[in-house]
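Let's take a walk through a protein model together, one stop at a time. Keep the sequence and the 3D view side by side as you read.

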Amino acid sequence: LADAAKTDGVKVNYCVDPEAATGTCAVLVNGGERSLCANLAAANNYKLEHLQAAEGQSLMQAAQVYYSSGFFLTVSPESMQLVGQHAADNNKIYCMNLAAPFLIDVDVFYGRMTAMIPFCDFIFCNESEAACFGKKNGWGDDLKVVATKLAAWEKTNSKRQRCVVFTQGSESTLVAF
């Protein structure tokens, strides 16, 4: 994977855990629907110290745009906080995908997610995650309302306006600023 990424010009700095296998993910596609079955394996063992090491810091300093899946909230929310704060402090772009309804439904993960939202310049999710987020916050199920309220959520870096993007499968994508 590292060789393929490097061949494509991607700088990688994987946190290798010699005690755990590389994670895998099966993608099941049936018609227009898909489902993922993931085994995170070594990905569950990421440590903040890896990001804080010289190479991790160098890459973080050089980047202008950061993207994290909400799934990383289950592994190293401290790493997300460090990158989010760096992005806000340096007027760089931080993006997050809400990733799955269970991250919103489970209070510990929801708390981590809401701690990250102030750093987010872009928030992405699908319609089921958006509906779950609206329900959790008492905003109802009108996704236009949910997108507008999420776009207006408190923001750490006031120099950038937040953009919220809700995908809806074959339906139109909702975008709110």
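In which loop is Ala41 found? Ala41 sits in the loop between β2 (33-39) and α2 (48-52). Before we look at it, please remember that this is a predicted model.

Ala41 is a nice place to start, since its phi is positive, about 45°, although it is not a glycine. Most residues other than glycine have a negative phi. Another residue of this kind is Asn91, a non-glycine residue with a positive phi near 50°. You will find Asn91 in the loop between α4 and β4 (93-97). With a relative accessibility of 30%, Asn91 counts as partly exposed. There is also a glycine to look at: just after α7, Gly138 has a positive phi of about 70°.

Go back for a moment to the loop between β2 and α2, because Leu40 has its place there too. Leu40 is partly exposed, and its relative accessible area is 38%. Now find Phe124: it is 84 residues from Leu40 in sequence, and the C-alpha atoms of the two are 22 Å apart in space.

Next, let's look at a pair of helices. The axes of α4 (residues 77-89) and α6 (residues 107-116) come within 10 Å of each other and cross at roughly 10°. An angle under 35 degrees counts as roughly parallel, and α4 and α6 are therefore roughly parallel to each other. On the α4 side, the contact is made by Pro77, Met80, Gln81 and Gly84, while α6 brings in Arg112, Ala115 and Met116. Sorted by class, this contact has four nonpolar residues, two polar ones and one charged one.

Now for the charged partners. How many salt bridges does the structure hold? There are two. In one of them, the side chains of Asp107 and Lys136 meet, with 2.6 Å from N to O. Asp107 belongs to helix α6 and Lys136 to helix α7 (residues 127-136), so this pair ties together parts that are 29 residues apart in sequence. Asp107 counts as exposed, at 55% relative accessibility, whereas Lys136 is partly exposed, at 29%.

Lys155 forms a salt bridge with Asp121, and here the closest N and O atoms are 2.6 Å apart. Lys155 lies in the loop between α8 (143-151) and β6 (163-168), and Asp121 in the loop between α6 and β5 (122-126), so the pair ties together parts that are 34 residues apart in sequence. Are these two residues buried or exposed? Both Lys155 and Asp121 are buried.

That brings us to the inside of the protein. The largest nonpolar core has 38 residues, and those with the most contacts inside it are Tyr94, Met96, Met113, Phe133, Leu150 and Phe166. Helix α8 gives the most to this core, with five residues. Choose Phe166 in the viewer and look around it: leaving aside residues up to four places away in sequence, it touches Cys125, Ala130, Leu143, Val146, Ala147, Leu150, Thr173 and Leu174.

Our last stop is helix α7. Its buried residues are Glu129, Ala130, Cys132, Phe133 and Gly134. What do the buried residues of α7 pack against? Their partners are β4, α5 (101-105), α6, β5, α8 and β6. Two names here should be familiar: Phe133 is listed among the core residues with the most contacts, and Ala130 is one of the residues that Phe166 touches.

Technical notes. Residues are numbered from 1 along each chain as its sequence is written. This is a predicted model: local features need pLDDT of at least 70, side-chain atom pairs count only at pLDDT 80 or more; totals for chains, interfaces and linings use all residues. Side-chain values use heavy atoms; hydrogens and water are left out. Axes are lines fitted to C-alpha atoms, for helices over the stretch in contact, and angles run from 0 to 180 degrees between N-to-C directions. Helices (H or I, at least four residues) and strands (E, at least two) are DSSP runs, numbered from the N terminus. Angles under 35 degrees count as roughly parallel, over 145 as roughly antiparallel, 65 to 115 as roughly perpendicular and the rest as oblique. Contact means heavy atoms within 4.5 Å. Ala, Val, Leu, Ile, Met, Phe, Trp, Tyr, Cys and Pro count as nonpolar, Asp, Glu, Lys and Arg as charged, and the others, Gly among them, as polar. Buried means under 20% relative accessible area, exposed over 50%, partly exposed in between (1.4 Å probe, protein chains only). A salt bridge is a side-chain nitrogen of Lys or Arg within 4 Å of a carboxyl oxygen of Asp or Glu. A nonpolar core is a set of buried Ala, Val, Leu, Ile, Met, Phe, Trp, Tyr and Cys residues joined through side-chain atoms within 4.5 Å.
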